[in-house]
Amino acid sequence: MAVTAPSSGVRPEYAGLFNQAAEHAQELGFIVRAGAVLRSRAKLALAPAAERAAELQAFLLDDTVDVVMPPWGGEFLMEILPLMDWEKLRTAPPKWMIGYSDTSTFLFAYTLMTGCATAHGTNFIDLRARPLDDVTARWLDVVGTRAGGTVAQTSSAMYQSAWDITKPGFILDTPTSWRTIAPGGGSGEDPAVSFGGRLIGGCLETLTTLIGTPYAPVPTFIRDYCGEEGTVWFLESSQRNAGDIHRQLWQMKECGWFENCRGLLYGRPAGYSPVQDFGLADSLEQLAGELGIPVVYEADIGHVPPQLTLVNGAFAAVTAGGGRGTVTMSFN
């Protein structure tokens with residue numbers, strides 16, 4: 001397992017958390033290789049983009065590395081995308097990369113640019129918990145599933161209402177309840193929904209940064225890879241209010257990113273607030289009506305743990321209703 005920081009590194013005050021995660025990873029059977037850019041002391045704990053890009057690419061091309069897992073996200077991962085050798089990455093043997101937040105910027109681009117699957121799930125620092133909760137722990141089952149296999153994950157029983165990074169793991173203190181919107185919207189309280197398609201997604205505010213760049217060939221992915229199966233988008237957000245979310249979903253829709261979309265999974269938003277009387281549910285109901293798709297929200301995705309491990313490029317069958325849900329992924 002290689003741990004590098006394509007976005008933010010690990011400041012000295014968090015070195016103990018990193019060491020705890022490394023010890024647990026070793027107990028799980030991994031050999032942990034810590035990258036040189038992890039200890040950067042630059043602003044926002046960022047090494048120069050060229051150094052971050054070179055180290056990530058080296059690990060992705062290293063035959064002795066099976067999994068690349070950043071410590072956490074950050075702010076400016078997009079800076080490394082023009083510096084990657086995409087042709088080399090496209091022709092190299094695929095390997096897993098897993099994480100969320102700004103890491104999803106690279107996961108999204110990597111899958112779209114190379115056709116390699118990537119895993120939106122736990123960050124390395126989160127492995128400091130012993131034991132991992134039942135939902136987070138499934139990341140091992142997901143990355144261990146071979147081609148042609150299937151893995152099912154269910155909604156959590158409890159989620160964490162507030163962060164305290166000094167604790168040894170997540171504090172799951174609030175009952176989970178997935179919410180649902182029927183195709184077209186306005187069909188009662190949490191109706192049962194089911195849908196399927198090829199998964200693609202990540203952190204809303206970082207993915208939409210890529211709109212109009214060469215690193216987000218979404219129409220090509222929809223046309224050439226998804227075909228008649230269509231897409232299932234999964235999204236989550238951090239530090240965005242309902243107005244911000246609505247504008248970014250509108251931007252995605254107007255750019256054609258929701259063409260042939262069969263359904264949307266939206267995670268519990270972090271740092272969120274409504275805008276006057278307009279909330280997340282209002283935005284998602286409008287989108288469901290405009291696209292004629294079902295929507296599941298308050299799902300186990302993103303900055304409010306725990307979260308499912310969702311694979312960009314996998315076929316997903318989603319069922320939800322009555323506050324619960326299941327995502328079954330097929331690797332074919």
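This briefing covers one helix pair and three individual residues. The structure is a predicted model, and each value given below was computed from it. In the helix pair, α8 (residues 242–254) packs against α9 (residues 280–291). The three residues are Ser 101, found in the loop between β4 and α4, Ala 109, which lies in helix α4, and Ala 36, placed in the loop between β2 and α2.

**Packing of α8 and α9**

- The axes of helix α8 and helix α9 are 9 Å apart, and the two helices pack at an angle of about 20°; because angles under 35 degrees count as roughly parallel, α8 is described as roughly parallel to α9.
- The crossing in which α8 passes α9 is right-handed.
- On the α8 side, the residues that meet α9 are Ala 242, Ile 245, His 246, Leu 249 and Lys 253, while α9 contributes Leu 280, Ser 283, Leu 284, Gln 286, Leu 287, Glu 290 and Leu 291.
- Sorted by class, this contact of α8 with α9 holds seven nonpolar residues, together with three polar and two charged ones.

**Ser 101, in the loop between β4 and α4**

- The loop that holds Ser 101 runs between β4 (96–99) and α4 (103–114), and Ser 101 counts as buried because its relative accessibility of 12% falls under the 20% cut-off.
- The side chain of Ser 101 is joined to the side chain of His 303 by a polar contact of 2.9 Å.
- When residues up to four places away in sequence are not counted, Ser 101 touches Gly 73, Gly 74, His 120, Cys 203, Thr 206, Glu 236 and, again, His 303.

**Ala 109, in helix α4**

- Ala 109 is part of helix α4, and with a relative accessible area of 0% this residue is buried.
- Apart from neighbours within four places in sequence, the residues in contact with Ala 109 are Leu 81, Trp 86 and Tyr 215.
- Ala 109 and Leu 207 are 98 residues apart along the chain, and their C-alpha atoms are separated by 8.8 Å.

**Ala 36, in the loop between β2 and α2**

- Ala 36 sits in the loop between β2 (33–34) and α2 (49–60), and its relative accessible area of 68% makes Ala 36 exposed, since the cut-off for that class is over 50%.
- The C-alpha atoms of Ala 36 and Thr 4 are separated by 7.5 Å, although these two residues are 32 residues apart along the chain.

Methods
Residues numbered from 1 in each chain as written. Predicted model: local features only at pLDDT ≥ 70, side-chain atom pairs only at ≥ 80, totals over all residues. Heavy atoms only, no water. Axes fitted to C-alpha atoms, helices over the stretch in contact; angles between N-to-C directions. Helix = DSSP H or I, 4+ residues; strand = E, 2+ residues; numbered from the N terminus. Parallel < 35°, antiparallel > 145°, perpendicular 65-115°, else oblique. Left-handed = near helix turned anticlockwise from the far one by under 90°. Contact = heavy atoms within 4.5 Å. Nonpolar A, V, L, I, M, F, W, Y, C, P; charged D, E, K, R; others polar. Buried < 20%, exposed > 50% of the residue type's maximum accessible area, 1.4 Å probe, protein only. Polar contact = N/O pair within 3.5 Å; in protein donor to acceptor, adjacent residues only side chain to side chain.
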